[in-house]
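Hi,

Here is the structure I promised to pass on. Have a look at it first, and my notes follow underneath.

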Amino acid sequence: MERLSRLDGLRGVLAVYVMLGHAMPFTVLPHWVAGPFSHGEAAVDLFFALSGLVIVNSLEHFGCRFWPFMRARAWRLLPVYFAVLALALVFYAWPLPAMPWLGVAAGQIQPAALPRPFIWHLAAHLTLTQGLLPSGVLPYAFVTLLGPAWSLSTEWQFYVLIALVLPVLPGKRLERFTLGLLALGVVYHLLAPHLPPYWQFSRAFLPDAATFFALGLASTVWLRGGGAWLFLLCLFVAVALGLLSGEAGKALVPLGWALALLVQRHRGFPVLGALLDSRAAQYLGAISYPLYLLNEPIQRGCTLLVAPWAAGNVSLFTAIWLPLAVGLTLGGAAVLHHGVEVPMMKGFSRRPRRATLRPAQVEAPRSALTHSPPGTDYEWPTHGQS
């Protein structure tokens, strides 16, 4: 049974892109070097589409039962998350030194000190509810302690919604759920600009990313042999909303997702295929989750170490800080993957549990499901792969 391995590689490439995007505002590299890495939100949107693609198989593996599925998600994601959150809190104990060359973007990535009231920001991060809080309740809660965790809050909202709603839908429930999620995204994007300031939500609010999750779900339907109409509809809506947002780059994200699926399913893209199939990309895909979460705390720790020593020499700071931050992030992600992520997944897989996949509860997939190595959450549907 074949895996959609090139999408594993894509996940690794996206994690590295986000890491470099968070690093560039702290350097004085020329714009032609740093500029291409300024679209980190687009990379996260592709992560959401990837999540939509794989999550249905995981839910069906547990018989579409809410608590077994959510326990598996918690076992998979939370140990690494809490470890990285603890590291972030340690580094936040020291304020950043003065670095006059930093602009607004750097301040948004690395706040100067701990937010106030700290206890409520910590509670939001511990419960992954920071994406559910409007601006008037706890301003900027989605990025105050561990910036990359905002997308994990969005993912968690998606898991709860699909686990509660999908099992009770009649008929072609996956198609119905995808259409409902797509409609939610459209309605929210039309209404959001008109909400009062107190009730403005951050990009960590699920409806803001609903169209990308729907695009991933529609890809699952297509790969299982369903009609392509749902995929094309979701693609069209995502592109249209991107254009309406006034940011042309937003419209390119769903097109990039469509290209990724073409690279996976066909052999007409040898260069891209070879890149995503490479051992480096595949390994980065394996460590992508801790790599994505860890980059900001490691970069902050390196800033605390290097900035006082560089004494205002921005060129010297860049020359030392950038390779140190990248190297330590990659090394730390590997340590977390092999020391926390893989052991926790192996421990969960060894736990005795009843068979949960019951024909009466779950629609039989029309294609084979592949199972991933421990430490990943890929169980890909395959259909018509060349």
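Which helix gives the most to the lining of the second largest pocket? The answer is H8, with three residues.

Before the rest, a word on the ground rules. This is a predicted model, so local features need pLDDT of at least 70 and side-chain atom pairs count only at pLDDT 80 or more, while totals for chains, interfaces and linings use all residues. Residues are numbered from 1 along each chain as its sequence is written, and side-chain values use heavy atoms, with hydrogens and water left out. Helices are DSSP runs of H or I with at least four residues, numbered from the N terminus.

**Pockets**

A pocket here is an open set of points on a 1 Å grid over the protein atoms alone, with protein on both sides within 12 Å along at least five of seven lines; a cavity is a set of points where a 1.4 Å probe fits but cannot get out, and lining residues have an atom within 4 Å of a point. Grid points are joined across faces, edges and corners, and a volume is the space filled by probe spheres set on the points.

The largest pocket holds about 1300 Å³ of space. It has 48 lining residues, and Tyr17, Ser38, His39, Gly40 and Glu41 are the ones nearest its centre. Helices supplying at least two lining residues each include H1 (5-23), H3 and H14, but the top contributor is H11, with nine residues. By class, that lining splits into 30 nonpolar, 12 polar and six charged residues (Ala, Val, Leu, Ile, Met, Phe, Trp, Tyr, Cys and Pro count as nonpolar, Asp, Glu, Lys and Arg as charged, and the others, Gly among them, as polar).

Back to the second largest pocket, which has a volume of about 530 Å³. Its lining has 24 residues, with Ser135, Phe142, Phe201, Ser202 and Arg203 closest to the centre. H5 and H8 are the elements that give two or more residues to this lining. The split there is 14 nonpolar, eight polar and two charged.

**Cavities**

There are four cavities of 30 Å³ or more, and the largest has about 220 Å³ of space. Its lining is made of 17 residues, with Arg11, Ser151, Leu152, Glu155 and Tyr289 nearest the centre. H3 (40-61), H4 (66-92), H7 (149-165) and H14 (288-310) each supply at least two of them, and H3 has the largest share, with five. Sorted by class, you get 10 nonpolar, three polar and four charged residues.

**A bent helix**

H4 is worth a look on screen. It bends by about 35° at Leu77, and Pro79 follows within four residues (the bend is the angle between axes fitted to the seven residues ending there and the seven starting there). The 27 residues of H4 should span 39 Å, and the end C-alpha atoms are 36 Å apart, which agrees. That expected span is 1.5 Å times one less than the number of residues.

**Buried residues and cysteines**

Thr178 sits in H8 (residues 173-191) and is buried, at 0% relative accessible area. Buried means under 20% relative accessible area, exposed over 50%, and partly exposed in between, with a 1.4 Å probe and protein chains only. From Thr178 to Leu166 is 12 residues in sequence and 9.5 Å in space, C-alpha to C-alpha.

Cys64 is buried at 8%, and Cys302 is buried at 4%. The structure holds zero disulfides, a disulfide being a pair of cysteine sulfur atoms within 2.5 Å.

Cheers
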